[in-house]
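This report concerns the internal packing of a protein chain, with attention to enclosed space and to nonpolar cores. The sequence and structure are shown first.

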Amino acid sequence: MTYLITGASGFIGRRLVNFLLERGDSVNYLGRTRSRTLDSRCAFYCWPQNAAPPLDSVPRPDAVIHLAGETVAQRWTAEAKEEIRGSRVKRTRALVEALRELKHKPDALISASALGYYGDGGEEVLTEASRPGRGFLPDVCVEWEREADRATEFGLRVVRVRIGIVLGKEGGALRKMLAPFRMGLGGRFGSGRQWMSWIEADDLVRMIVFAADTPSVSGPLNGVSPEPVRNAQFSEEVGRALHRPAKLAVPAFALKLGLGEMSEVMLASARAIPEAAQNAGFTFAFPKLDGALRQSLM
């Protein structure tokens with residue numbers, strides 16, 4: 001199959017590209033600059049800021065996988081918020097409009113979203129049918145998904161993958177956690193009772209490809225493992241995997257002082273399960289946290 005990817009040079013994108021190439025697929029990618037780290041078998045097409053993607057130049061893909069977006073893991077200044085919203089909502093809109101104009105369209109658009117769609121869910125078990133939360137990140141996710149869904153108007157199958165905490169040693173949330181844990185300074189955030197929904201990086205890649213390759217899959221997928229854990233348990237498991245204590249706690253006020261509004265994401269509870277993916281037949285290689293951490297720290 002032939003794939004067109006945005007965000008190919010990111011943490012998940014690099015793994016996705018390698019996975020597809022290893023199974024013999026053809027990979028093209030859009031970006032602002034050519035990546036120096038991606039396999040040379042990938043074809044690069046420049047998508048400048050504030051411009052339409054050059055889809056007329058790209059060989060017809062069977063599926064488009066849209067992963068690009070400014071990181072949420074930063075202090076949410078007014079400027080950062082605008083960049084986060086624009087890189088997700090406006091760039092997705094531009095991509096969908098370019099797809100609309102193609103004479104020969106792909107079969108599917110797989111668009112990343114975020115588990116932040118649900119906001120603070122408390123103790124509720126969140127499935128793909130759950131309502132969105134309130135606040136900056138849920139609002140961005142709703143707009144982001146709405147723009148992707150517009151591709152259904154001209155016949156594309158659209159899947160929106162609401163990605164949780166991704167575990168992999170070379171990127172994502174876990175990489176940022178490792179330094180304090182290795183120094184014995186790891187521990188829970190706030191009360192530690194908030195639920196964390198996570199997924200091992202290779203499982204996420206496999207879920208994205210499963211969504212692209214399975215014609216019966218459409219709509220939202222929770223990109224998380226089937227076993228969410230509380231923040232305190234997550235911290236203990238990371239400490240155990242690293243053979244380090246994880247008894248400290250970062251008070252909620254300290255997170256708010258250091259990170260401002262973005263701290264709400266770290267303190268929010270998201271008890272999500274991948275109901276739609278499992279119902280469609282997707283299976284996890286790493287459904288349990290201990291195994292996922294071992295894999296991520298190899």
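The lining of the largest cavity comprises five nonpolar and three polar residues, with no charged residues. In this predicted model, the residues that form the lining are Met177, Phe181, Gly187, Phe189, Met196, Asn231, Phe234 and Ser235. The volume enclosed is about 50 Å³, and the structure holds one cavity of 30 Å³ or more.

Three elements, α4 (172-182), β9 (187-189) and α6 (231-242), each supply at least two residues of this lining. Helix α6 gives the most, with three residues.

The nonpolar cores form the second topic. In soluble globular proteins, nonpolar side chains tend to be buried together. Two separate cores are summarised below.

| Core | Size | Residues, among them |
|---|---|---|
| Largest nonpolar core | 57 residues | Ile5, Ile12, Leu16 and Ile110 |
| Second, separate core | 18 residues | Leu4, Val64, Ala98 and Leu102 |

For the largest core, the four residues listed are those with the most contacts inside it. Helix α5, spanning residues 201-213, is the element that gives the most to this core, contributing nine residues.

Which residues does isoleucine 5 touch, not counting residues up to four places away in sequence? Under that restriction, Ile5 is in contact with Leu16, Val17, Leu20, Val27, Asn28, Tyr29, Leu30, Ile65 and Leu67. One of these partners, Leu16, is likewise among the residues with the most contacts inside the largest core.

Key. Residues numbered from 1 in each chain as written. Predicted model: local features only at pLDDT ≥ 70, side-chain atom pairs only at ≥ 80, totals over all residues. Heavy atoms only, no water. Core = buried A, V, L, I, M, F, W, Y, C linked by side-chain atoms within 4.5 Å. Buried < 20%, exposed > 50% of the residue type's maximum accessible area, 1.4 Å probe, protein only. Helix = DSSP H or I, 4+ residues; strand = E, 2+ residues; numbered from the N terminus. Contact = heavy atoms within 4.5 Å. 1 Å grid on protein atoms, 1.4 Å probe; cavity = no way out; pocket = protein on both sides within 12 Å on 5 of 7 lines; lining within 4 Å. Points joined across faces, edges and corners; volume = space filled by probe spheres on them. Nonpolar A, V, L, I, M, F, W, Y, C, P; charged D, E, K, R; others polar.
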